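Here is a walk through one chain, starting from a charged pair and working outwards. Keep the structure open as you read.

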Amino acid sequence: MKRPISIYLGVLMILLRTVTTIVTAVNIALDWKKVDISLDAGTSADMDALSGALLVGLMIFFGVVVIIDLAVAALIFRGSNRARFVAMILATVLVLGSAVDFFADGTSFTLENGGLLGLSLDILVLVALSDSDARDFTTGNSNTRSDVRRRRRLLRRRGTVKS
């Protein structure tokens, strides 16, 4: 089956979301000295150590998110229905998180704080990957692969194919 345009667009939106995650991580790392951590950690050396550990933890978190996004995008492009489903769940969680943030704190989504871009990319991922052509492509590939595995197992049982 030919790969539909909705798969291309969904993967592109996931990749753009990955780029925004990388930009966010770089901005946090560059502006980290301006962040005021107000915990009772003792001396200023303890605060610097705590601040550095928190920055490293955040960068590891962002790195894991980027790797997961890239893996999901690659799997969707190859035709994985499970990866499409995971991407749609993640996008739904992010959209719902933005909604909760808006209603709880009154957070405004603008281009300056990156909220509007991330929210719109998540909505576009949902729209692209929930398309019927995208579903048919990924379920068709999944069924084809499982049919090939099933035939291979049957042939092995009959003894016509050696492992």
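Start with a pair of residues. Arg17 and Asp122 are both buried. This is a predicted model, and every value below is computed from it.

What do these two side chains do? Arg17 forms a salt bridge with Asp122, and the closest N and O atoms are 2.8 Å apart. Arg17 lies in helix 1 and Asp122 in helix 4, so the salt bridge ties together parts of the chain that are 105 residues apart in sequence. Side chains of opposite charge can pair when their charged atoms come close.

Now look at Arg17 itself. Arg17 sits in helix 1, which covers residues 5-30. Its relative accessibility is 6%, and buried means under 20%, so Arg17 counts as buried.

Which residues surround Arg17? Beyond its neighbours within four places in sequence, Arg17 is in contact with Asp69, Ala91, Leu94, Leu121, Asp122 and Val125. Two of these names, Ala91 and Leu94, will return with helix 3. Leu117 can be placed by distance: its C-alpha is 8.5 Å from that of Arg17, with the two positions 100 residues apart in sequence.

Asp69 deserves its own look. The side chains of Arg17 and Asp69 meet in a salt bridge, at 3.2 Å from N to O. This pair also links distant parts of the chain: Arg17 is in helix 1, Asp69 is in helix 2 (residues 44-78), and they are 52 residues apart. Asp69 is buried, as is Arg17.

How many salt bridges does the model hold? The count comes to 3. Besides the two at Arg17, Arg135 forms a salt bridge with Asp136, and here the closest N and O atoms are 3.6 Å apart. Are these two partners buried or partly exposed? Arg135 has a relative accessible area of 39%, which makes it partly exposed. Asp136, at 33%, also counts as partly exposed. Shared partners join Arg17, Asp69 and Asp122 into one network of salt bridges.

Next, follow helix 4. Helix 4 has 15 residues. From its first C-alpha to its last it reaches 21 Å, close to the 21 Å expected at 1.5 Å a residue. Its buried residues are Gly115, Leu119, Leu121, Asp122, Val125, Ala128 and Leu129.

Take Leu121 from that list. Leu121 lies in helix 4. With 6% relative accessibility, Leu121 counts as buried. Its C-alpha is 6.3 Å from that of Arg17, although the two are 104 residues apart in sequence. Leaving aside neighbours within four places in sequence, Leu121 is in contact with Met13, Leu16, Arg17 and Thr20.

Helix 4 also packs against helix 3. Helix 3 (residues 81-105) and helix 4 (residues 115-129) pack at an angle of about 145°, and their axes are 9 Å apart. The crossing is left-handed. Helix 3 brings Arg84, Ala87, Met88, Ala91, Thr92, Leu94, Val95 and Ser98 to the contact. Helix 4 brings Leu119, Asp122, Ile123, Val125, Leu126 and Leu129. What kinds of residue make up this contact? They divide into 10 nonpolar, 2 polar and 2 charged.

Asp122 brings the walk back to its start. Asp122 takes part in the contact of helix 3 with helix 4, and Asp122 also forms a salt bridge with Arg17.

Notes
Residues numbered from 1 in each chain as written. Predicted model: local features only at pLDDT ≥ 70, side-chain atom pairs only at ≥ 80, totals over all residues. Heavy atoms only, no water. Helix = DSSP H or I, 4+ residues; strand = E, 2+ residues; numbered from the N terminus. Buried < 20%, exposed > 50% of the residue type's maximum accessible area, 1.4 Å probe, protein only. Contact = heavy atoms within 4.5 Å. Axes fitted to C-alpha atoms, helices over the stretch in contact; angles between N-to-C directions. Left-handed = near helix turned anticlockwise from the far one by under 90°. Nonpolar A, V, L, I, M, F, W, Y, C, P; charged D, E, K, R; others polar. Expected span 1.5 Å × (residues − 1). Salt bridge = Lys/Arg side-chain N within 4 Å of Asp/Glu carboxyl O.
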